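Me: Please take one part of this protein and look at it closely with me, following it outwards to whatever it meets. I am in my first year, so explain the terms as you go.

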Amino acid sequence: MITNKLISPTDRAWFGEVKRLFDEKGYAKPFALDSRTLIKVGVNFSLKKRCVEEWKKD
């Protein structure tokens, strides 16, 4: 599942915001009965460089 949200590039707490939105929107609910491990990955794309600037997993 992929979702996007424009967050200020100066906001270094972007991953916390992404995790909060993921949980708030209930994106993991359809996978609740799946026995596999769910890994949340946040990707920060640079608008200037037009590439992945940073990524984190939870």
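Reply: Let's start at Cys 51, which is in contact (heavy atoms within 4.5 Å) with Asn 44, Phe 45 and Ser 46, leaving aside its neighbours within four places in sequence. This is a predicted model, in which local features need pLDDT of at least 70 and side-chain atom pairs count only at pLDDT 80 or more, while totals for chains, interfaces and linings use all residues. Residues are numbered from 1 along each chain as its sequence is written, and side-chain values use heavy atoms, with hydrogens and water left out.

Cys 51 belongs to strand 2, which covers residues 51-57. Helices (H or I, at least four residues) and strands (E, at least two) are DSSP runs, numbered from the N terminus. Cys 51 counts as partly exposed because its relative accessibility is 35%; buried means under 20% relative accessible area, exposed over 50%, and partly exposed in between (1.4 Å probe, protein chains only).

Now look at the partner of strand 2. Strand 1 and strand 2 run antiparallel and are joined by six bridges; two strands pair if DSSP finds at least two bridges between them. Within this pairing, Phe 45 stands opposite Val 52 of strand 2, and Gly 42 has Lys 56 as its bridge partner. Strand 1 also has two faces: Gly 42, Asn 44 and Ser 46 make up the covered one, while Val 41, Val 43 and Phe 45 make up the uncovered one.

The two strands form a hairpin, with four residues between them. Arg 50 sits in that loop between strand 1 and strand 2. Arg 50 is not a glycine, yet its phi is positive, at about 60°. As background, most residues other than glycine have a negative phi. Arg 50 counts as exposed because its relative accessibility is 75%.

What do the buried residues of helix 1 pack against? They pack against strand 1 and strand 2. These buried residues of helix 1 are Trp 14, Phe 15, Leu 21 and Phe 22. Seen down the axis of helix 1, the buried residues fall within an arc of 125°, so they line one face of the helix; the arc is that of the directions from the helix axis to the C-beta atoms. Helix 1 has 12 residues and should span 16 Å at 1.5 Å a residue, which agrees with the 17 Å between its end C-alpha atoms. The expected span is 1.5 Å times one less than the number of residues.

Val 18 is another residue of helix 1. With a relative accessibility of 28%, Val 18 counts as partly exposed. Val 18 and Gly 42 are 24 residues apart along the chain, and their C-alpha atoms are separated by 6.7 Å.

Just after helix 1 comes Gly 26, whose phi is positive, near 70°. Around here there is also a ring pair to look for: a search of the whole structure finds one aromatic pair. The rings of Phe 22 and Tyr 27 have centres 5.7 Å apart and planes at 65°, so this pair is edge-to-face. Rings of Phe, Tyr and Trp (its six-membered ring) pair if their centres lie within 6.5 Å; planes under 30 degrees apart count as stacked, over 60 as edge-to-face and the rest as tilted. Phe 22 is buried at 18% relative accessibility, and Tyr 27 is partly exposed at 22%.

One more residue ties these parts together. Lys 40 lies in the loop between helix 1 (14-25) and strand 1 (41-46). Not counting residues up to four places away in sequence, Lys 40 touches Phe 15, Phe 22, Asp 23, Lys 56, Lys 57 and Asp 58. With Asp 23, Lys 40 also makes a side-chain polar contact of 2.7 Å. A polar contact is a pair of N or O atoms within 3.5 Å; within protein, one must be able to donate a hydrogen and the other to accept it, and residues adjacent in sequence count only if both atoms are side-chain atoms.

Stepping back, the chain has one helix and two strands, in the order α-β-β along the sequence. Of its 58 residues, 17% are buried.
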